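Here are my notes on this one, in the order I'd walk through them at your desk. Have the viewer open while you read.

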Amino acid sequence: MAKTNLVIVESPAKAKTIGKYLGPEFQVKASMGHVRDLPKSKLGVDLTTFEPDYQDIDAKESTISELRKAAQASDKVYLATDPDREGEAISWHLQSVLGVPKEKTCRVTFNEITRKVVTDSIAHPREIDQNLVDAQQARRVLDRIVGYQLSPLLWKKIRRGLSAGRVQSVATRLVVEREEEIRAFQPKEYWTLTADLSRIAPNLGGFKADFYGCGKKMELGSKEETDAVAEAVKASDFQVISVKRQDKNRNPAPPFITSTLQQEASRKLNMTPRRTMSVAQQLYEGVDIEGEGTVGLITYMRTDSLRLSEEALSAAKTFIVGRYGEKYYPEKTRRFKAKGNAQDAHEAIRPSDVNLTPEQLKKDLTGEQYRLYKLIWSRFLACQMASAVYDSVSIEVESAGYQFRASHSSIKFNGFTAVYEESRDDEEEAPQSPLPDLKEGETLRLNGLDSAQHFTQPPARYTEATLIRALEERGIGRPSTYAPTISTITDREYVVKEGRHLRPTPLGEVVTGLMKDKFPDIVDPDFTAQMEGELDKVESGEVRWKQLLGGFYKDFEAELQKAEKDLDGERIKVPDEVTEEICPQCGRNLVVKSGRFGRFLACPGWPECNFTMPLVVEMPGKCPKCGARLVKRTGVSKKTNKQYTYYCCEHLNSKDESRRCDFMTWDVPVKDNCPVCGQTMFKKSGRGFKRPFCINPDCANFTPEEKRGGYVKKTADSSGESEASAEKTPAKKAAAKTTGKKTAAKKTTAKKAATRKAAAASEATNA
């Protein structure tokens, strides 16, 4: 049968999955994303009418030609791009570029790519939603005006290659202001006092209670205050004044939305937001599952809605009751309410079929796909399970009018925690010891007092996860913008990543200072959040998009002209980022510079001193040879001109022979120490989870090189021919000969790679 219907999706992977669900009368092709956009070489927007000058993307000429030919030969054209504003705009552009008549065009969306949803959507098409298109046009033109008019100003006044934008400039400002808070922070002294108590009868119920106050909460601000309390309670009996026992319920976290998925993947899987979205896209578009074919495993991953379909809720209930029992399902089905500024266009992120467990799919998924799918599957299942119940005990004791408190909770019913527990950004509390069965009025023995001095700590630097949370809480950006925003501010070197934390560079601080001074609205979090709300109103049809742009541009143009006038003839210098590393040639402190291969250290005494070296990034752990710091360095191969990364002792090839150390490795040091010998452990480099191992050959926990997660060589026996394989047909001999050639080619390639790696190692050692 001739294929009379054309379905256009964005990616080939999605086309492959959907093509298997539709009959032979459907042809499925991919647009490979956008086919039309604003020109790169100019603004492309009429600043009087705000009419955009869309142009066909040059690289898509062959794709457009192929799609146009297929569309002309089809009775119906189903535009099945992603179910968001951007996807709606791509469908609108496709209709225009391909010249498809309106009566021949059908718009369909797939919240999940399963046979049922795909066939249902094809059976119930709709028209292109012009309000969604206009909301996307407004965002695109708004960002183009800001970016293309602010960036040249930054080039002229600071340096070329910089950029500014509504969301990225606000994100940079948050990181910069957090750093300013840390610098301005004044630590405050405080003390803790802990009483070691027990019952009068020996060996019966010892426990520790922390000082609370005198009638109300009281802070101990000095050693003198602490000593005064200690002397008073030593001279008086301790008596139990209250014992409270109660069951405390802990409810599960809601299902994932885009921001919470990125945060949790960062905390639990150490995946960047960009990588998280890339792997989630693979799970959404479809993975080949043995016995099932290509299956879309999760729902659409760009969403801020907590809504779950009734079908999904019913499936979750059946699964939970069947696997865990009735008591693990709550009395009432859980439904979660999204925040006020959520678009609520899609469901929350969940597995397409809860019966496809991570364990079943593990053999068909890559390591990253498996871990992310397990995270999504577990969170969804847990959000529909019964609350966890804890047996909580709180004891308050008193001596000399001062109160001390102790508490402990133990799991009584695990509920949803049997499947999933949400992680936290801050440190977990220390484990509590069980409390004895005390009675009110009971007198206790004081075995000792332990006082300790502390100082308040500055706020922690943002991580990628906490920055996304801050943007979301302030209503800045939308699900599709979080990952690109963080990638942009790191690529522009406005912020750098140190371990898991983000720190602003001098460049980021200078750019933020200029923006706050000359364009306060652009970097104002409240104004940016308000603009997001206005874009939502365009989507709902309450505001016309060109009217929104006109109101914004009037004030922006005035600020731009004033900034040009104020900064006329001025060039803003970015201060050097001075480090503690010392130039071995002249003794100056090295500074951070940027070059072709990124950031590096250089002597500020150039041209008198031309010393440079790879950027030093301190790593966790200690050098296994001399106990000094471990650092991460980069180098550039003289043969291949490619950059490589290695880890070494900070004193590698030091000029001071007494401190020089030759430790260098390609493996990544981790924060965990070996439980047997106490030395720093390492893991293999590369994406995804790698199991840490001990490299100390004298340790019982030592892991040999061949068992550290790398390539395991075959033994001689495993590569030998069996007697049964000696007698082969001519066809099999030919196939074996071809395979042999391929194997030989692979060995040659592997040998060359090993040679290159050895050369790079040699260069690193001599760096």
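**Notes on rings, cores and strands**

1. Let's start with the rings: there are 17 aromatic pairs in the structure. Keep in mind throughout that this is a predicted model.

2. One of those pairs is Y284 with Y300, set edge-to-face, with 5.3 Å from centre to centre and 70° between the planes. Have a look at where the two partners come from: Y284 belongs to helix 9 (residues 273-285), while Y300 lies in the loop between strand 11 (293-295) and helix 10 (310-324). They are 16 residues apart, and the pair links distant parts of the chain. Are these two buried or exposed? Y284 counts as buried because its relative accessibility is 1%, and Y300 is buried too, at 0%.

3. Next up is Y553 with F556, a tilted pair at 6.3 Å centre to centre, with 50° between the planes. Here the partners sit in one helix, helix 17 (residues 545-566), and because they are 3 residues apart, about one helical turn separates them. Y553 has a relative accessible area of 8%, so it is buried; F556 is buried as well, with 2%.

4. Don't view that pair in isolation. Y553 and F556 are members of one aromatic cluster, together with F50, F519, F527 and F552. I'd select the six of them at once in the viewer.

5. Two rings have a charge sitting over them. R178 puts its charged end over the ring of Y462, at 4.2 Å from the ring centre. K268 does likewise with Y420, its charged end being 4.1 Å from the centre of that ring.

6. Now the nonpolar cores. Which residues touch the most other members of the largest one? That core has 68 residues, and the answer is V7, F110, L297, I298, L372 and Y373. Helix 12 (residues 367-383) is the element that gives the most to this core, contributing 10 residues.

7. V7 deserves a closer look. Setting aside neighbours within four places in sequence, V7 is in contact with L22, F26, Q27, V28, K29, Y78, A80 and I122. Colour those and you can see the surroundings of V7 in one go.

8. There is also a second core, separate from the one above, with 58 residues. Among its members are V146, I468, V495 and L560.

9. On to the strands. Strands 17, 18, 19 and 20 make an open sheet of 4 strands, in the order 17-18-19-20, with antiparallel pairing. Which strands stand at the edges? Strand 17 (577-582) and strand 20 (612-614) do; each has a single partner strand, so one side of each has no neighbour in the sheet. On average, neighbouring strands here are turned by 45° against each other, with direction ignored.

10. Zooming in on that edge, strand 17 is joined to strand 18 (residues 589-595) by 3 bridges, and the two run antiparallel. If you want a specific bridge to check, V578 has V591 of strand 18 as its partner.

11. Last, a hairpin. Strand 25 (residues 668-673) and strand 26 (residues 680-683) run antiparallel and are joined by 3 bridges. P669 has F682, in strand 26, as its bridge partner. The hairpin has 6 residues between the strands, and G678 takes a positive phi near 85° there.

Conventions
Residues numbered from 1 in each chain as written. Predicted model: local features only at pLDDT ≥ 70, side-chain atom pairs only at ≥ 80, totals over all residues. Heavy atoms only, no water. Phe/Tyr/Trp six-rings, centres within 6.5 Å; stacked < 30°, edge-to-face > 60°. Buried < 20%, exposed > 50% of the residue type's maximum accessible area, 1.4 Å probe, protein only. Lys NZ or Arg CZ within 6 Å of the ring centre and 35° of its normal. Core = buried A, V, L, I, M, F, W, Y, C linked by side-chain atoms within 4.5 Å. Contact = heavy atoms within 4.5 Å. Pairing = 2+ DSSP bridges. Axes fitted to C-alpha atoms, helices over the stretch in contact; angles between N-to-C directions.
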